[in-house]
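Visitor: Please take one buried polar side chain in this protein and go through its surroundings in detail. Some context on the whole chain would help as well.

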Amino acid sequence: MSDQAEITALVHAYARRLDAGALEGVAALFEQATWRSESTGEVRRGREEVRAVYERVCLYDGSPRTKHLITNLAIDVEPEVDRAAAECCFTVLQGIEAGEPIQIILSGRYVDRFERSAGVWRFSDRLFIVDLTGDLGRHFG
């Protein structure tokens, strides 16, 4: 698998895990990374600190009933130093009850840094930038 494909898979793994309610799996992606929020200035490092962020996510039968759409992914790989950077847009849809309108609850950007260790790419930093906010009342408790 190419460097670009491996990094793309990491970005998408975050969205898939979160949408599945696999919050431990989300936190595991940041085992060796910092997780930062532009809006709060918050900086967290490692699995345990990052996992605490997701304690507020409301789950409905184990799922947040969301769909994270990742678009405009741009990746810049520096293979000679085993580093890469990426930026993408995200849009979060939520639908709690069947038949209710699906709502856009959040949109913004992820600015990521990656490093390759023992031949495997992993997150080294993620900055969350929120551009648009909808009704988050049924997403965060």
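**A close look at Ser-107**

Guide: At a relative accessibility of 16%, Ser-107 falls in the buried class, because that class takes residues under 20%. The model is a predicted one, and every value here is computed from it.

Ser-107 sits in strand 5, which covers residues 103-117. Its side chain makes a polar contact with the backbone oxygen of Phe-90, at 3.2 Å. Phe-90 also appears among the residues that Ser-107 touches once neighbours within four places in sequence are set aside. The others in that set are Thr-91, Val-130, Asp-131 and Leu-132. The contacts of Ser-107 therefore include residues 90 and 91 as well as residues 130 to 132, where a contact means heavy atoms within 4.5 Å.

A second buried polar residue can be set beside Ser-107. Thr-34 belongs to strand 1, residues 34-37. With a relative accessible area of 17%, Thr-34 is buried, again because the limit is 20%. For Thr-34 the polar partner is a side chain: Thr-34 and Asp-125 are joined through their side chains by a polar contact of 2.3 Å. Asp-125 is also one of the residues that Thr-34 touches when those up to four places away in sequence are not counted. Ser-124 and Arg-126 are in that set too, together with Arg-44 and Arg-45.

The two sites belong to a chain with three helices and six strands. In sequence order the pattern reads α-α-β-β-α-β-β-β-β. The radius of gyration is 15 Å, close to the 14 Å from the globule rule for 141 residues, so the chain is as compact as a globular protein of that length. Along the principal axes, the C-alpha atoms fill a box of roughly 50 × 30 × 25 Å.

Ser-107 and Thr-34 are both buried, and buried residues make up 40% of the 141 in the chain. For contacts between residues at least 6 apart in sequence, 55% join residues at least 24 apart.

On the outside, the chain exposes about 7,400 Å², and carbon and sulfur atoms supply 50% of that area. As for charge, there are 17 positive and 23 negative side chains, and the centres of these two sets lie 2 Å apart.

Definitions and conventions: Residues numbered from 1 in each chain as written. Predicted model: local features only at pLDDT ≥ 70, side-chain atom pairs only at ≥ 80, totals over all residues. Heavy atoms only, no water. Helix = DSSP H or I, 4+ residues; strand = E, 2+ residues; numbered from the N terminus. Rg over C-alpha atoms; globule rule 2.2 N^0.38 Å. Buried < 20%, exposed > 50% of the residue type's maximum accessible area, 1.4 Å probe, protein only. Areas by Shrake-Rupley, 256 points an atom, 1.4 Å probe, with all protein chains shown as cover. Lys, Arg positive; Asp, Glu negative; His and termini not counted. Charge placed at Lys NZ, Arg CZ, Asp CG, Glu CD. Polar contact = N/O pair within 3.5 Å; in protein donor to acceptor, adjacent residues only side chain to side chain.
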